[in-house]
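I opened my notebook for this one and jotted things down as I looked them up. Have the sequence and the 3D view beside you while you read.

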Amino acid sequence: MQHHFPFPEEKFLLIGTVIKAQGLKGEVSIHSFSGQPENLNTYDTLFLVDKGGNLSPKLSIKRFRVHKGKAVVLFDRVRDRSHAEQLAGMGVLLAREMLPPLAEDEFYWHQLIGLTVCTTAGEQVGILRHVFSNGAQDIMVVQDGDQEYLVPLSDGIIVSYDETQLIIDPPPGLLEINSGEDEGTGHPK
């Protein structure tokens, strides 16, 4: 499920959405796109954005917990449940400058979005459109026209990447599963 909020993408990353008000004291339930809601508590400052592109002032987390796979957060500027209810449906933004540094062999999902995906055999698969977590692993959604490929985001599959291209070594049959072709013949099933 993709969420569209207009915001200055050169300054911010969309890292989640506010689902609903939680409890009576102004807490909100947040869906974290990374699938790791506990990570929200590591950021000093977050921002909210509405569908019109209006940004909130800086928000700090006063209270945090994880409940049923969602982050439950009390922001410093949220007074009560009524105020929290007004935040439902808003996007949660992190300033890019707040991202922690990465080790040499690590990357952030947003660095891969828009890259051309090719196999080690030199075949172009498509453009990486987004990444999501299915709970067990992270999945890349690669699109080539109307065709969509779901590719696990793992060390065994990703060979390398640079500013324009992501090279993958998919196991036999992975791309054919999505194409509707019979792996053995190359013909439609």
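Which residue forms a salt bridge with E27, the closest N and O atoms being 3.3 Å apart? I looked it up in this predicted model, and the partner is R63. The two sit in distant parts of the chain, with E27 in strand 2 (residues 27-32) and R63 in strand 4, 36 residues apart.

**Entry: the rest of the E27 story**

I then checked E27 for a second partner and found R65, with closest N and O atoms 3.2 Å apart. This pair also links distant parts of the chain, 38 residues apart, from strand 4 to strand 2. Next I asked myself: is E27 buried or exposed? E27 has 9% relative accessibility, so E27 counts as buried, the cut-off being under 20%. R63 is partly exposed at 38%, and R65 is partly exposed at 36%. My note to self: shared partners join E27, R63 and R65 into one salt-bridge network.

**Entry: the remaining salt bridge**

How many salt bridges does a search of the whole structure find? I got three. Besides the two at E27, I noted E85 with R81, whose closest N and O atoms are 3.0 Å apart. These residues are four apart in helix 1 (residues 81-85), so about one helical turn separates them. I wrote down 46% relative accessibility for E85 and 30% for R81.

**Entry: strands 4 and 5**

Back at R63, I looked across to strand 5 and found L74 as its bridge partner. Strand 4 (residues 61-67) pairs with strand 5 (residues 70-75) in the antiparallel sense, over six bridges. The hairpin has two residues between the strands, and K68 there takes a positive phi near 55°.

**Entry: the six-stranded sheet**

I traced an open sheet of six strands in the order 10-9-8-7-12-11, with mixed pairing. Which strands stand at its edges? They are strand 10 (147-152) and strand 11 (158-161); each has a single partner strand, so one side of each lacks a neighbour in the sheet. From one strand to the next, I noted an average twist of 35°. Strand 11 pairs with strand 12 (residues 165-168) in the antiparallel sense over three bridges, and I marked L166 in strand 12 as the bridge partner of Y161.

**Entry: H4**

Last, I looked at H4, which lies in the segment before strand 1 (12-22). H4 counts as exposed, at 60% relative accessibility. Its C-alpha atom is 7.3 Å from that of K51, though the two are 47 residues apart along the chain.

Note on methods: Residues are numbered from 1 along each chain as its sequence is written. This is a predicted model: local features need pLDDT of at least 70, side-chain atom pairs count only at pLDDT 80 or more; totals for chains, interfaces and linings use all residues. Side-chain values use heavy atoms; hydrogens and water are left out. Two strands pair if DSSP finds at least two bridges between them. Axes are lines fitted to C-alpha atoms, for helices over the stretch in contact, and angles run from 0 to 180 degrees between N-to-C directions. Buried means under 20% relative accessible area, exposed over 50%, partly exposed in between (1.4 Å probe, protein chains only). A salt bridge is a side-chain nitrogen of Lys or Arg within 4 Å of a carboxyl oxygen of Asp or Glu.
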